[in-house]
Amino acid sequence: MDYKKLVDVYEALGSTTKRLKKTAIIAELLKQTNADIQKLMLLLQGRVFPTWDQRELGVADRLLIKAIAASSGATSDKVEREFAKTGDLGLAAESLLRNRRQSTLTSRSLTITKVFDNIRKVAEFQGKGTVERKLQLISELLTTATAKEAKYIVRTISGNLRVGIGSGSIRDAIVWAFFGKELELKYDDKDEAIKVRDRADFGKYLDAVQSAYDLTNDFSVVAEAAQTKGLKGLSTISLKVGIPIKVMLAQKAKDVEDGFRQVGKPAAIEYKYDGFRIQLHKSKGTISLFTRRLENVTKQFPDVVKYAKEYIKGNEYILDSEAVGYSPKTRKYLPFQMVSQRIKRKYDISKLEQELPVEVNIFDVIYYEGKNYISTPFRERRKLVEKIVKSVPLKIKPCEHIESSNEEEAKKFLAKALDSGNEGVMLKALDAPYKPGSRVGYMLKLKPSFDTLDLVVIGADWGEGKRAKYLSSFYIACVDEDGNFKEIGKVASGIKELEDSAEGATMQQMTSLLKPLFTSEKGKTITVKPKVVIEVEYGEIQKSPTYSSGYALRFPRIKTVREDRKADDATTLNEIEKLYKEQNK
Ligand code: ATP
């Protein structure tokens, strides 16, 4: 197929925001596609590898600018000026190539295969001395391309297609294109509506495509199966070790009683670790790790790879787990924010591994030694986890788990989970299968609800080590009838180190807000004028003789700085007394 056809589709997609219209456009394209459907599906999404694939093109803007210059005859400076106008190198390429001299235009037309293969080859050249080869491959495409084609080639290489297609539209388009006839599907452009012979049948086909996608995360494989082998082809698509599947998601339980009602008795109850999900794959001695969003993070977690090799029995498996960070000093669990930087970090990996170690808690098995466990009841999957994963606390272990029918026992387990720094518990149905990509209620999350108070900062402690330049924990107070500030504890959770996020408070921000308010300093503790108000989340209010308010907060956590509030607007002692009474009713 000519690349021009795909470019027309990009343009059409970019010019509408209507979802059904987009679906119709993609379906029409798929119907006309033959041999190159896999390549077309990837290019349609602006990529040459499926999302979970670790390979990268490694093309910097600088290189693209050179390629555009070479193929348009403009200087690099000119390309950069054009680029600066819109921030879109694709548009720059389009406008410069449109003005190129006629003699450089060739009569050859670009095919989908040629564009795909050239871009894919770019990824094969990595490291020093490969820039020339890359430049050649890209320039070759741009020289042959029309101005419009060049726009999308450049956008694909720079990783931003800017046409707005969601995976929902692609899934639906596969159904419309390959099963539309038997479904007697008709799309009405005017009313933005579709008609089918039988809604239930339509749902069946949508589910079949979705399930195949949940197992492969690659529409190119799914579309090809649907096109060449129909519904049967979709149902024979299976998971493959090394390719991440969509994880099963949780619904909510209000409390222990509600949890049992939903998943039945007896139920499995497990710690809900405040970490991040890691899917572990092992195949032919190679371990790969994926996040919940299916990013390949194997390189970022050499420690987890090592633990898996040493402490998990088996040659081939897919396991589901939660990796939770802990402080190497106190060996206590840390909230997710503290270790989240490990996921993105590409350098200093071994240093980070020491500073922010994680414990891997394996809670499910999806595939083991040639057998697919998706439809095996959870009870048996858990037994298998216990059999194959050695328990080595602070490294890797089967997650904390009990099986119970007893509310009291479950509540005790929940309290224990919270006490050891977890978010709550998960309740799981023992006879349920594993449902990739679904939130069907086979597992429930139970987190105590957190209310918030607006409290005044009356003091703070300097951090330690790397954080010595920041204030890292804060003494907080409410205000009594007479306007006096009464301490209610200390909070250090929930705060991020630097200004790396639009949400929440950061140590840098708190330090600069409090510095002008210092009144005295003793050791690493300072006192400040009570002016800064922060919003603090907590699990429970308790009586406490330690603090002047007579109360303390369980699981306090900083949510944000309330720059809009004055100290007098803080939560009053009366309000706290009232909340305490209500909570204990
Ligand atoms: P959601 O996953 O429901 O979209 P979310 O990202 O806020 O929302 P959570 O509320 O944290 O997720 O709840 C589900 C997550 O809890 C799981 O995706 C998993 O990462 C984590 N988790 C921690 N411990 C366990 C466990 N024992 N079993 C299953 N999941 C667990």
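This is a short walk through one structure, starting at the ligand and then moving to some helices, loops and single residues.

Okay, before anything else, please keep in mind that what you see is a predicted model.

Let's start with the ligand. How many residues surround the ligand? There are 17, and the closest are K272, R292, E322, R439 and K445. If you sort that shell by type, you get 10 charged residues, 7 nonpolar ones and no polar ones.

Now some distances, for those of you who like to think in atoms. E322 puts a polar side-chain atom 2.4 Å from an oxygen of the ligand. With R277, an N or O atom of the side chain is 3.0 Å from a ligand oxygen. And K447 has a polar side-chain atom 3.2 Å from an oxygen of the ligand. How much of the ligand does the protein bury? On its own the ligand would expose 610 Å², and 83% of that is buried by the protein. As for where the shell comes from, the elements that supply two or more residues are β4, residues 267–272, then β12, residues 424–429, and β13, residues 443–446. Of the elements, β4 gives the most, with 3 residues.

While we're at β4, look at the loop leading up to that strand. P266 sits there, between α13, residues 256–263, and β4. The peptide bond joining K265 and P266 is cis, with omega at about -10°.

Next, two helices that are mostly covered up. Take α6, residues 89–98. Why do I call α6 largely enclosed by the rest of the structure? Because 7 of its 10 residues are buried. Those are L89, G90, A92, A93, E94, L96 and L97. You'll notice a glutamate in that list, E94. The buried residues of α6 pack against four helices by name: α4 (61–72), α5 (76–86), α8 (131–144) and α9 (147–157). And at the start of α6, a side-chain oxygen of D88 comes to within 2.8 Å of the backbone nitrogen of G90.

One of those partners, α9, is worth its own look. Here 10 of the 11 residues are buried, so α9 too is largely enclosed by the rest of the structure. The buried set includes E149, K151 and R155, along with residues such as A150, I153 and V154. What covers the buried residues of α9? The cover includes α1 (3–14), α3 (37–44), α4, α6, α7 (112–124) and α8. After α9 comes G159, with a positive phi near 80°.

Staying with buried charged residues, here's R342. This arginine is in helix α16, residues 341–344. Its relative accessibility is 1%, so R342 counts as buried. What does the side chain of R342 find in there? One of its polar atoms lies 3.0 Å from the backbone oxygen of L356. Leaving out sequence neighbours within four places, R342 is in contact with Q300, F301, P302 and D303, and also with L352, E353, L356, P357 and V358.

Now Y373. You'll find this tyrosine in the loop between β9, residues 371–372, and α18, residues 378–388. Is Y373 buried or exposed? It counts as buried, because its relative accessibility is 14% and the cut-off for buried is under 20%. Beyond its neighbours within four places in sequence, Y373 is in contact with V365, I366, Y367, Y368, R381 and L384. S350 is 23 residues away from Y373 in sequence, and their C-alphas are 34 Å apart in space.

Two backbone oddities for the loop fans. E192 has a positive phi of about 55° although it isn't a glycine. It sits in the loop between β1 (186–188) and β2 (193–195), and E192 is partly exposed at 24% relative accessible area. N217, also not a glycine, has a positive phi of about 50°. That asparagine is in the loop between α11 (199–216) and α12 (219–235), and N217 is buried, with just 2% relative accessible area.

Last stop, the cysteines. How many disulfides does the structure hold? The count is 0. Two cysteines to look up are C399, buried at 3% relative accessibility, and C478, buried at 0%.

Key: Residues are numbered from 1 along each chain as its sequence is written. This is a predicted model: local features need pLDDT of at least 70, side-chain atom pairs count only at pLDDT 80 or more; totals for chains, interfaces and linings use all residues. Side-chain values use heavy atoms; hydrogens and water are left out. Buried means under 20% relative accessible area, exposed over 50%, partly exposed in between (1.4 Å probe, protein chains only). Contact means heavy atoms within 4.5 Å. A residue is near a molecule or strand if one of its heavy atoms lies within 4 Å of it. A polar contact is a pair of N or O atoms within 3.5 Å; within protein, one must be able to donate a hydrogen and the other to accept it, and residues adjacent in sequence count only if both atoms are side-chain atoms. Accessible areas come from the Shrake-Rupley method with a 1.4 Å probe; for residues, only the protein chains shown count as cover. Ala, Val, Leu, Ile, Met, Phe, Trp, Tyr, Cys and Pro count as nonpolar, Asp, Glu, Lys and Arg as charged, and the others, Gly among them, as polar. A disulfide is a pair of cysteine sulfur atoms within 2.5 Å.
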